[in-house]
Amino acid sequence: MKQFTYRYLPIYGKWNKEEEKWMKYEEDETEPEFEYIEEALYDGTHDKLHDDGLLKYHQAGKPKKLAVKWHIKKSEYTAYFWFEDERIREVFDKFYGAHPDTKTDFIIRIDAEKRKYELALYRYGLKEPQIIPEDVYQLLVFKNKFEDYRSDNYNQDRGAWIW
């Protein structure tokens, strides 16, 4: 099992559909607040400590499942990502290529209000983060414990998801 050096970097922003770009929150707007992130990896390890260790650079295998929790005012959100083994391996192999020891930011962009979610990999020296295609993962988001969003390729029956 290959190990990679990366950290998770949740970024909360506003998706501007017309310009197709991410915008920052204005000073007078309520910005979402990160609570925690959990991971389960294809090498069988997992981290559910909620100690922010996953937000620091660490050695890890490819992600199998991610859970990100945040809140906006009194609304609580949890996003669950499931990665397809072969597809995430292709993304990691292509991205790391000749640079397997490179420190990488695993970016998780979130605009819960517009239901826009995006994953990307970024290493210093690149002009733009490399977007992870949506068909590499399935996504299910809950708002206040009720389903709020599911990706188009989510193939589980309602209520059948398991973390």
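Two strands are taken as paired if DSSP finds at least two bridges between them. In the predicted model described here, Y8 stands opposite F106 of β9. Strand β1, residues 4-12, and strand β9, residues 104-111, are paired in the parallel sense over seven bridges.

The protein contains one helix and 13 strands. Read from the N terminus, the order of elements is β-β-β-β-β-β-β-β-α-β-β-β-β-β. The radius of gyration is 16 Å, close to the 15 Å given by the globule rule for 163 residues, so the protein is as compact as a globular protein of that length. Along the principal axes, the C-alpha atoms fill a box of roughly 40 × 40 × 30 Å. Of the contacts between residues at least 6 apart in sequence, 58% join residues at least 24 apart. Buried residues account for 46% of the 163 residues. The accessible surface amounts to about 9,700 Å², and carbon and sulfur atoms contribute 46% of this surface.

An open sheet is formed by five strands in the order β6-β1-β9-β10-β11, with mixed pairing. The edges are occupied by β6 (58-60) and β11 (130-131); each has a single partner strand, so one side of each is left without a neighbour in the sheet. Helix α1, residues 85-96, lies across β1, β9, β10 (116-122) and β11, and runs at about 105° to β1.

Within this sheet, β9 and β10 are paired in the antiparallel sense over seven bridges, and I110 has Y117 of β10 as its bridge partner. The two strands, β9 and β10, form a hairpin with four residues between them. In the turn of this hairpin, R115 has a positive phi of about 55°. On to the sheet edge, β10 and β11 pair in the antiparallel sense over two bridges, with L121 opposite Q130 of β11.

Strand β10 is mostly covered, seven of its seven residues being buried. The side chains divide into two sets: K116, E118, A120 and Y122 point one way from β10, whereas Y117, L119 and L121 point the other way. Both sets are buried, and the set pointing with Y117 includes L121, the residue that stands opposite Q130.

Positive phi values also occur in loops elsewhere in the chain. D52, in the loop between β5 (46-47) and β6, has phi near 65°, although D52 is a residue other than glycine. The relative accessibility of D52 is 38%; a residue between the cut-offs of 20% and 50% is partly exposed, so D52 counts as partly exposed. K73 is placed in the loop between β7 (63-72) and β8 (75-83). Phi of K73 is positive, at about 55°, and K73 is not a glycine. With a relative accessible area of 64%, K73 is exposed.

Strand β7 also holds H71. The side chain of H71 is joined to that of E35 by a polar contact of 2.7 Å. When residues up to four places away in sequence are not counted, H71 touches P32, E33, E35 and E76. E35 is thus listed among the residues touched by H71 and is also the partner of H71 in the polar contact.

Technical notes:
Residues numbered from 1 in each chain as written. Predicted model: local features only at pLDDT ≥ 70, side-chain atom pairs only at ≥ 80, totals over all residues. Heavy atoms only, no water. Contact = heavy atoms within 4.5 Å. Axes fitted to C-alpha atoms, helices over the stretch in contact; angles between N-to-C directions. Rg over C-alpha atoms; globule rule 2.2 N^0.38 Å. Buried < 20%, exposed > 50% of the residue type's maximum accessible area, 1.4 Å probe, protein only. Areas by Shrake-Rupley, 256 points an atom, 1.4 Å probe, with all protein chains shown as cover. Polar contact = N/O pair within 3.5 Å; in protein donor to acceptor, adjacent residues only side chain to side chain.
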